[in-house]
Amino acid sequence: MQVSLEHVRQRIAFQKEALPVMYGEVDFSAVPERYTEDISVSSMAAYAGKFPPPPADMVARVRAYTMLGDVTADAYAALMPKYGFKRLVGMLQQACDQGVEAVPDAPPELVALIREMEVKPAWLNMDLVRKGGALNRLPMAIFAPWTIRGAFLATFMNKYTALPMALTGTLSNTTAAKRVNETATFFTVTTLPGALEPRGEGFKAAAMVRLMHSMVRFNVLRGMKGWDKSVYGIPIPQVDQMPAGLIDVFLLAYKMNEEGRTEFTADERARVEFSRYRCFLLGLPEDLLMDTPQGIIDIMNARSASIRQDFDDATCGALVRATMAAFLPPDLSPANRIRNALERRVAKLVLVKNFLGGNAQAARDMGVPVGPLDYAVALAILPLIALKMALYGLALKTPGLKTLADRRLVAKIHRLLKRYGHAEFTTDSEAYRPAAPVNAAARPTG
């Protein structure tokens, strides 16, 4: 659903009126330092020559949405002084499990959040969403457990997007493990049958993620030391939800572009609709959820080209090191120790290949040593994963085996969720730490 830019700007300005406790001191006419129109100094710089410039309308939308939080979830999070964060979490969980009508004296803000998530957008085809979820079960069950740590590191490659994670205590190994496992839980649980239906586990997880992000915004915008709005803008703006929510379909669209294809196959369309609806439940504006290969490429590139590139070792490097050092399994059994050691080596290669352009020395410079043994482990494990994926893929296309294969994947996902542990999707302001002050003299002027 495409809306006018004027409507977008009105929606953004409305935040100050609707939630003065959070946005009253935000100057929405100002452009934060994190935003740039110069691709050569952006996070898109290394890839600018591979893509045509994104359309001007998309660039303008990304600039606007850089200052948009989540008005509905933010309003609910702003009730923390009255209810406390534990009660807010409890009421939201009950509303998702039993319906908002089951919550005694449910505040209007909770009702509004649930009702907004229950809206079915005009483009929604739940049959396609269900099919897309089934298609995503295979990679989430087989491939993701070995790569989720490495993929999680994408959040930390830029200081402008990494700071909220540092502020909320993710610099400790224990908290880093918790956040990786929660991220794995969210994307895994959404692929289960019926997960994105109202009262489904994926629907509930999306609601909890929205509340967690809004709690971060509430705590930070009320005056946390180290958050400079003129530099960083709004914590976790809507455009920063796009990479995690759309990366799989972006890679699909990019591959199609290289192959000269412009139309999705039936299975590809299902995967796209699944990702779009999951993003919708997370609160992303519909006009950021493109439905064509080129549209997906353009909007993702517009977002990458809008963020000034800057790697701060005290923030970004520390987050990377904490995440790489984290022990992810639920216990210290010998089998889990071995698996964690092997998975960590694969994660190093994911970091180098996907986020450092193949530059292993850059990983070493940030305190992540990469050596021959890491490559050897990855070369041994990744082909086995690919073979397993291929065998499952063949079974899922074979009459008589499809149902059995899918049932096995669902069972495997349930086991993975148990291993990832209970995901709380909460943030406690008592664990926050102030960010280092910004050195004004070092700020770019362009």
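The largest cavity is the place to begin, with a volume of about 130 Å³, and what you have open in the viewer is a predicted model. A search of the whole structure finds two cavities of 30 Å³ or more, and the tour visits both before turning to a pocket and then to the aromatic rings.

To display the walls of the largest cavity, select P145, I148, N181, L328, P329, R339, N340, E343, R419 and Y420. If you colour by secondary structure, the elements that each give two or more residues to this lining are α8 (126-152), α17 (334-355) and α20 (402-420). Of these, α17 gives the most, with three residues. Colouring by residue class instead divides the lining of the largest cavity into five nonpolar, two polar and three charged residues.

Keep R339 selected, since this residue of the largest cavity's lining also has a second feature to look at. Add W146 to the view, and you will find the charged end of R339 sitting over the ring of W146, 4.3 Å from its centre.

Next, move to the second largest cavity, whose volume is about 50 Å³. Select D70, R210, H213, R217, I236, Q238, Q241 and L282, the residues that line the second largest cavity. By class, that lining consists of two nonpolar, three polar and three charged residues.

From the cavities, go on to the second largest pocket, which holds about 340 Å³ of space. Its lining comprises 17 residues, and a convenient selection is R11, G283, L284, P285 and E286, which lie nearest the centre of the pocket. Two helices, α1 (5-18) and α4 (71-77), each supply at least two residues of the lining of this pocket, and the largest share, three residues, comes from α1. The classes represented in the lining of the second largest pocket are eight nonpolar, three polar and six charged residues.

The remaining stops concern aromatic rings, for which the count comes to eight aromatic pairs. One of them is formed by Y23 and F28, a tilted pair with 6.0 Å from centre to centre and 40° between the planes. Are these two rings buried or exposed? Y23 has a relative accessible area of 0% and is therefore buried, and F28, at 17%, is buried as well because the cut-off for that class is under 20%.

Now select W227 and Y232, which form another tilted pair, 5.1 Å centre to centre with 35° between the planes. Here too the accessibility can be read against the cut-off of under 20%: W227 counts as buried because its relative accessibility is 9%, and Y232, with a relative accessibility of 6%, likewise counts as buried.

For the last stop, select W123, Y277 and F280 together, as these three residues form one aromatic cluster. Which residue lies over the face of W123? Adding R276 to the selection gives the answer, for R276 lies over that face at 4.1 Å from the ring centre. With R276 and W123 in view, you may wish to return to R339 and W146, where the charged end of the arginine sits over the ring at 4.3 Å from its centre.

Note on methods:
Residues are numbered from 1 along each chain as its sequence is written. This is a predicted model: local features need pLDDT of at least 70, side-chain atom pairs count only at pLDDT 80 or more; totals for chains, interfaces and linings use all residues. Side-chain values use heavy atoms; hydrogens and water are left out. On a 1 Å grid over the protein atoms alone, a cavity is a set of points where a 1.4 Å probe fits but cannot get out, and a pocket is an open set with protein on both sides within 12 Å along at least five of seven lines; lining residues have an atom within 4 Å of a point. Grid points are joined across faces, edges and corners, and a volume is the space filled by probe spheres set on the points. Helices (H or I, at least four residues) and strands (E, at least two) are DSSP runs, numbered from the N terminus. Ala, Val, Leu, Ile, Met, Phe, Trp, Tyr, Cys and Pro count as nonpolar, Asp, Glu, Lys and Arg as charged, and the others, Gly among them, as polar. Rings of Phe, Tyr and Trp (its six-membered ring) pair if their centres lie within 6.5 Å; planes under 30 degrees apart count as stacked, over 60 as edge-to-face and the rest as tilted. Buried means under 20% relative accessible area, exposed over 50%, partly exposed in between (1.4 Å probe, protein chains only). A charge sits over a ring if NZ of Lys or CZ of Arg is within 6 Å of the ring centre and within 35 degrees of the ring normal.
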